[in-house]
Amino acid sequence: MPRDISRRAVIAGALAAAPLAAPRAQRGTMIRWWYHFDNPTATPDALVQRFEQANPGIRIQAERIPWGGGADYDNRLYASVVANNAPDAAMVKLQNLTRLLEMDALAPLDRWVDAWPGRTDIADAMWALHRSPDGKRHYVPVQYVVLYLYCRQDWFTQANLPLPANFDQFLAAAKALTGGERWGFGMRGGAGGHDHWASFALGGGASFEKGGLVTPQALAANRWFVGLGREHRVFPPSAPADGFRQVIDNMKAGRTAMTIHHVGSATELVGALGDAIIAVPVPRGPGGRGWTAFGDGSNAVFAQGRNQEAAWRWISFLSAGEANVVFNQLSGQLPVTASGQRAWTGHPERFIRASSESVPLMATYPQSPKTTDWTRTVWPQTTQRALLGQTEPDEMMRVFERHFHG
Amino acid sequence: MSQARLRPGSATPWLLLAPALAAVSFIVLLPVAQTVWLSLHRAILTRPRDRPFIGLDNYAALLADPLFWESLRHSLVWVVATVALQFALGFTAALLLNRSFWWRSAARALIVVPWALPSVIIGLTWSWMLDFNLGVANELLLRSGILSESVAWLARPDTAMPAVILALVWQGFPFFAVTLLAGLQAIPAEQYEAATVDGAGSWRCFIHVTLPGLAGVIATTLLLRMIWVANSLDVILVMTGGGPGTATHTLPLYAFLKAWSGLDFGYGSALAVVLTLLLLGVVIAYALRAGERA
Amino acid sequence: MRLRRFLGTEVPVLLILAFALAPWLWMILSSVRPERDWTTRPLAIMPATLTLSHHIELLQRTTFLQHMLDSLVVAVGAVTAGLLLALPAAYAFSRFRFRGRSTLRISFLIVNMFPVVLLVLPLFVLLRQMGLLDTYFALIAGHATFTLPFAVWLLTSYTDSIPVELDEAAMVDGATRVQALRLVVLPLMLPGIVAVALYLFIASWNEYLFALMLAGRDVRTVTVALQMFIGENEMRWGLLTAGGTLVALPAVVLFLFAQKRLVGGLTGGAVKG
């Protein structure tokens, strides 16, 4: 212990002396920003250059962090906050929000956002989705996607089936298109597959409010969903373990008729299937209710940073105008600015249309520190057991209810 | 075998051990101590100010946790099957690579390929080879008529564990091949010559010269490998994430998920401590049986 | 005679090598296949068209080679540091009997019984306080220390196989203990040292957790670099398989040279198994 203290004293002394060594005005501020892009050859260098030219005195050190299914990125983020080594700004997801707030890791941005001209280019609904539980603003959205339903239009036409607008049509189509080595719906049972389940369970009447997962309606909706796999067998046998890679590959290989994903995979699917692949909003449940996952992406400023205003300038730059369009060309998602969306040509048009038609159904998961554990561990484990018949569907919902509400 | 001996009370061994002890104490002991301490608290990573001391409550909860016992069972199966198969294959390879044939150097170098690959590559490649739709394993088994339809190896609880065991056996057998091969070099040729002169065939040479000569190295490598496999979770994490359901949950994987997914470092640390104590028990039992020698 | 050797030795070796190399060869085959061919059915074992585009992209448009170099520096450092720390320790355990020897050996091993995933956070905080994050030193120190117990146990075991009478004989002839160690014991330990060095190299080369958490920007190893090819919505199989092909090579090449030392110690030449 004494060793630690003396070392800390030395470091503190050095830090205290540093400003004396170099006047701050000439040195400029250095902002550390963490990001992750899917495309390993995409770099934000051009954006950094443009920003630095317009903001002399601020230098951006952009550091790419491995995504690792989300776990690696998150773990590094939390560890750095714990060790007092957080970046000045970083790309974050809504599922990090409550955890970061619990750690007092984020800086509130209201005073800057309210005075920001770029604020109006982002829809009010978008801002509302990103507001923190305490009413303040900590996140600035920079990208988004909406999940929709991919369909093999050629198979539907051949079998004379309507594209599914509700659950009944969905079930009929899935059953009709299952047979031989084809399955109606490529369900994602591995981590990340909760989005598939949610469209049917929550669209069918369940909710994350206290008690909302175990109402008779919720239990029925979940039973119907699990029944798709166990009774109607419209999921491939590999469904319990399938991740995003498998469901997309199954579509490309012509093994499944439908699956749920978003515009990020559109180019790849068109490359393999051409005009045969289309998208529609996810089917609505009884009563016309629908639910689809909102794939978010924001930037936040960290409270440990000593140059919060400069960090704000960087992240607001990324969420405005031309820069936001370029950013999303790099990240492969959709721009958050209304102007960017209007001009967007990054994906085939029919998928953009399906995305915007899905916006009314768009929703997020509960703002709770338990959500990440649920999406990463509790949901996959419990659902896999239900699909394999090891757990009853009703018990599955009770496990979820206990997880969130004790 | 060597019988070491020396004047007791000599400071020489401690001087020789000092650098290693210092390195380990500084870098490892402090984190270990901190983790053990953490296991006695309720410690959620994102609530740094809410850290009540709860004594052995985490351990009590652990003993009542069915998933702990399930993970322990899986760990036992995992360790015994993996190490036994790795050893069998590795030992065979070591014996073969000790003989002379013209391409021996190349064979020895190539055998380390599985061992030299990072876990993420191993996990992804095996997942892909075992894929239900696009996997080469199903394809070959279908074509040769062994299977009549594809098997979803990683999605079925009865085949998921064998699948990850296969991947780990593949990854780890070169460890035994190389370490046992090195051990074989210490057996003097004279002993083989003497045995052959006495009329022993190759099997008896093996039993009476090779095995005794290698016994120490075999025991050590088995022990070390057992500890390593018991603690490994990388490949399972990539291939199944612990699933389907909890079919491939091992103890370290469970500890990892509790700590880094649930952010419950108190409980995760307790699981880690229990795993360590179990392994310590095995090592102590081994040391007692082997007497002072090993 | 040659046929017996062929059937009794070379064929089994070929079979084992086939098992060892098949997945890697599958990876190599995939890395020269254009991406669209990976999802076509029926599955083609041999690629219908060959392409080097993945390898070219890997080498020219990513910084992969740079990271192989980072990994190499860290691994060589870890092997050097590991051997320097472990050799004296192994000699001490093997050649000396002293109080606490057994307990010490076992306590040493506790280091490796503990799941590293839980130790990384305190270690991260410790290194951050020391200002050593994202340095070669941090990774080398981390790798060397965590592989030390295994290295010491293995080396002790190899040293035990060398009869202590040889030390004594040398010292009777007038050599000091150090000279006995250097001139008699060490040469005989060479096969063991090679095996342990390979173990240390591979352990460091494949290590991901420390490389991810304790470094990443100035020092990025190849395991972290490979993770960059796995994204949220996209997995670059071409780059992953091309990278996976390359990443196994350094260890193979190093062992190709080092394995010459794996010959019978006392008399040299091949030992009949």
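**Exercise 1. Confidence in chain A**

Task: Find the mean pLDDT of chain A of this predicted model, and decide where in chain A confidence is lowest and where it is highest.

Solution: Start with the whole chain. The mean pLDDT of chain A is 90, and 93% of its residues reach 70 or more. Next, go element by element. Helix H2 (residues 24–27) of chain A sits at the bottom with a mean of 45, while strand E3 (residues 89–92) of chain A is at the top with 97. Then look at the start of the chain: over residues 1–26 of chain A the pLDDT is below 50. Beyond near neighbours in sequence, this stretch has 7 contacts in the model. One caution to finish: where pLDDT is low, the predicted coordinates should not be read in detail.

**Exercise 2. The overall form of chain A**

Task: Work out why the radius of gyration of chain A agrees with that of a compact globule.

Solution: First take the chain length, 406 residues. A compact globule with that many residues would have a radius of gyration near 22 Å, and chain A has 23 Å, so the two agree. Now add the extents: the C-alpha trace of chain A spans about 75 × 50 × 35 Å along its principal axes. For the secondary structure, count 19 helices and 11 strands in chain A. Burial comes next, and 50% of the 406 residues of chain A count as buried. Finally, consider the contacts in chain A between residues at least 6 apart in sequence: 75% of them join residues at least 24 apart.

**Exercise 3. Two domains in chain A**

Task: Which elements give two or more residues to the side of domain 1 of chain A that touches domain 2 of chain A?

Solution: Begin with the bounds. The assignment gives domain 1 of chain A as 25–144 + 294–352, and domain 2 as 148–293 + 362–405. Their centres, taken over C-alpha atoms, are separated by 30 Å. At the contact, 20 residues of domain 1 of chain A meet 21 residues of domain 2 of chain A. On the domain 1 side, the elements that give two or more residues are helix H5 (94–102), strand E9 (292–301) and helix H17 (349–358) of chain A. H5(A) supplies the largest share of that side, 6 residues. By residue class, the domain 1 side divides into 10 nonpolar, 7 polar and 3 charged.

**Exercise 4. Chain B and its contact with chain C**

Task: How many helices and strands are there in chain B, and how many residues does chain B bring to its contact with chain C?

Solution: Chain B has 12 helices and 0 strands. Its C-alpha trace spans about 75 × 70 × 30 Å along the principal axes, and 53% of its 294 residues count as buried. Among contacts in chain B with a separation of 6 or more, residues 24 or more positions apart account for 68%. Turning to the partner, the contact takes 93 residues from chain B and 91 residues from chain C. The chain C side divides into 66 nonpolar, 19 polar and 6 charged residues.

**Exercise 5. A covered helix**

Task: Is helix H5 (residues 119–129) of chain B mostly covered or mostly uncovered, and what covers its buried residues?

Solution: Count first: 11 of the 11 residues of H5(B) are buried, which makes the helix mostly covered. Among them are Ile121(B), Trp126(B) and Trp128(B). Then identify the cover. From chain B, this includes helix H6 (136–143), helix H7 (157–184) and helix H10 (234–239). From chain C, helix H1 (2–31), helix H10 (222–227) and helix H11 (237–247) take part.

Definitions and conventions. Residues are numbered from 1 along each chain as its sequence is written. Chains are lettered from A and ligands numbered from 1 in the order in which they are written. This is a predicted model: local features need pLDDT of at least 70, side-chain atom pairs count only at pLDDT 80 or more; totals for chains, interfaces and linings use all residues. A residue is buried if 20 or more other C-beta atoms lie within 10 Å of its own, exposed if 12 or fewer, and partly exposed in between; C-beta atoms are placed from the backbone. Helices (H or I, at least four residues) and strands (E, at least two) are DSSP runs, numbered from the N terminus. Two residues are in contact if their C-beta atoms, placed from the backbone, lie within 7 Å. pLDDT is the predictor's confidence in each residue, from 0 to 100. Ala, Val, Leu, Ile, Met, Phe, Trp, Tyr, Cys and Pro count as nonpolar, Asp, Glu, Lys and Arg as charged, and the others, Gly among them, as polar. Domain bounds come from an automatic or database domain assignment. The radius of gyration is taken over C-alpha atoms; the globule rule is 2.2 Å times the number of residues to the power 0.38.
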